[in-house]
Amino acid sequence: MAQSTISNNLVQLGCRIHDACLKYGRDPAGVRLLAVSKTMAEDRIADAIAAGQHDFGENYLQEALPKIHNVNDPAVIWHYIGAIQSNKTRDIAGQFAWVHTVSRLRIAARLSAQRPHHLPPLKVLVQVNVSGESTKEGVDPDAAANLVGDMLTLPRLEIAGLMTIGAAGADFTRQREAFRRLAGLRAAIAARYGDDLPGFTELSMGMSADMEAAIAEGATWLRIGTAIFGPRTQQQTTRETL
Ligand SMILES: *Cc1c(COP(=O)(O)O)cnc(C)c1O
């Protein structure tokens, strides 16, 4: 895709986000855009950077590491948004600023222990399976507060909020219901831990197909791939299911 297409897509997306913020009474400054660049080549990432995008999300570590190395731009902030195997935590802790997909204490403990000392604490979000689909990653909503409580002892993590993946194919009302549950859970956990959990403010929710519902329910990070970079190819889509 040509540079102008990606920059046009980013402009259009900015309008779509802005319109939804107006409609649902959100301050646009409180809704940040994470460009999901999985399966996209480095030249496309460079085009998005040239158009002013700074935050990028990657799902597959072995794909992300060479991209981070080659893009080599200190202004870019990398977010890990994929499933986490325990033998991958050292690279994730060393190469990313944010991790949106923590759902087990053992993984959280490894990320904390392996976060390099010259870097600030790793910002982490706890992934919650609000829709209850058995195929999805994420902690059960009932178990999320206790997981966050256990993570409070981990010195090299900054526990920043919650993340979820919306219900696939749901209509607007059901999309909003799932996101509202995540927002309610965030508020309940923040209230429960109070001063022990400062800055538990982030809600990573909403993708290309359900971003308006997420904005309506308080999303602070939208994770958007297709609406920026265009559709992923068949071969690439297959990899997502691995
Ligand atoms: C791929 C992916 C996205 C982006 O999805 P689009 O529909 O392309 O916007 C967001 N979040 C996660 C976790 C993903 O894997």
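**Group meeting talk: contacts, rings and a ligand in a predicted model**

Let me begin with one residue, S103, which touches Q127, G138, V139 and L147 if we leave aside residues up to four places away in sequence. Please keep in mind throughout that what you have in front of you is a predicted model. S103 sits in the loop between β4 and α5, and since buried means under 20% relative accessible area, S103 with its 17% counts as buried.

From that loop we can move on into helix α5, which runs over residues 105-114, and where I107, A108, L111, S112 and Q114 are buried. A helix is easier to read with one rule in mind: an α-helix has 3.6 residues a turn, so residues three or four places apart point the same way. What, then, covers the buried residues of α5? The cover includes two helices, α4 (89-95) and α6 (141-151), together with the strands β4, β5 (122-127) and β6 (157-163).

Strand β4 brings me to the aromatic rings, of which the structure holds three pairs. I will describe two of them, and I will use two numbers for each, because a pair of aromatic rings is described by the distance of the centres and the angle of the planes.

In the pair formed by F56 and W78, the ring centres are 5.9 Å apart and the planes meet at 40°, so this pair is tilted. F56 belongs to strand β2 (residues 55-58) and W78 to strand β3 (residues 77-80), so that the pair links distant parts of the chain, 22 residues apart. Are these two residues buried or exposed? F56 is buried, at 0% relative accessibility, and W78 is buried as well, with a relative accessible area of 6%.

The other pair I want to show you is W98 with W221, which is edge-to-face, with 5.3 Å from centre to centre and 75° between the planes. Because W98 lies in strand β4 (residues 98-102) and W221 in strand β8 (residues 221-224), this pair ties together parts that are 123 residues apart in sequence. W98 counts as buried at 6% relative accessibility, and W221 counts as buried at 0%.

Let us turn now to the ligand. Which residues surround the ligand? They are V36, K38, N59, I81, I165, M207, S208, R223, I224, G225, T226 and R232, and by character this shell divides into five nonpolar, four polar and three charged residues. Some of these residues also place polar atoms close enough to list as distances: an N or O atom in the side chain of K38 is 2.7 Å from an oxygen atom of the ligand, while a polar side-chain atom of R223 lies 2.9 Å from a ligand nitrogen atom. With G225 the partner is a polar backbone atom, and its distance to an oxygen atom of the ligand is 2.8 Å. Taken on its own, the ligand has 390 Å² of accessible area, and the protein covers 90% of that.

Next, I would like to look at some backbone angles. T39, which is not a glycine, has a positive phi of about 70°, and its place is the loop between β1 (32-36) and α2 (42-50). N72 also has a positive phi without being a glycine, in this case near 45°, and N72 lies in the loop between α3 (61-71) and β3. How do they stand in terms of burial, buried or exposed? T39 counts as buried, at 10% relative accessibility, whereas N72 is exposed, with a relative accessible area of 62%. In helix α2 itself, the buried residues are I45, D47, A48 and I49, and after α2 comes G52, whose phi is positive too, near 105°.

I will finish with A214, a residue of helix α8 (residues 211-216). A214 is buried, with a relative accessible area of 0%, and if we again leave out residues up to four places away in sequence, A214 touches R26, F179, M205, G206, A219 and L222. One last distance you can check for yourselves runs from A214 to E177, which are 37 residues apart along the chain, and whose C-alpha atoms are separated by 9.7 Å.

Definitions and conventions. Residues are numbered from 1 along each chain as its sequence is written. This is a predicted model: local features need pLDDT of at least 70, side-chain atom pairs count only at pLDDT 80 or more; totals for chains, interfaces and linings use all residues. Side-chain values use heavy atoms; hydrogens and water are left out. Rings of Phe, Tyr and Trp (its six-membered ring) pair if their centres lie within 6.5 Å; planes under 30 degrees apart count as stacked, over 60 as edge-to-face and the rest as tilted. Helices (H or I, at least four residues) and strands (E, at least two) are DSSP runs, numbered from the N terminus. Buried means under 20% relative accessible area, exposed over 50%, partly exposed in between (1.4 Å probe, protein chains only). A residue is near a molecule or strand if one of its heavy atoms lies within 4 Å of it. A polar contact is a pair of N or O atoms within 3.5 Å; within protein, one must be able to donate a hydrogen and the other to accept it, and residues adjacent in sequence count only if both atoms are side-chain atoms. Accessible areas come from the Shrake-Rupley method with a 1.4 Å probe; for residues, only the protein chains shown count as cover. Ala, Val, Leu, Ile, Met, Phe, Trp, Tyr, Cys and Pro count as nonpolar, Asp, Glu, Lys and Arg as charged, and the others, Gly among them, as polar. Contact means heavy atoms within 4.5 Å.
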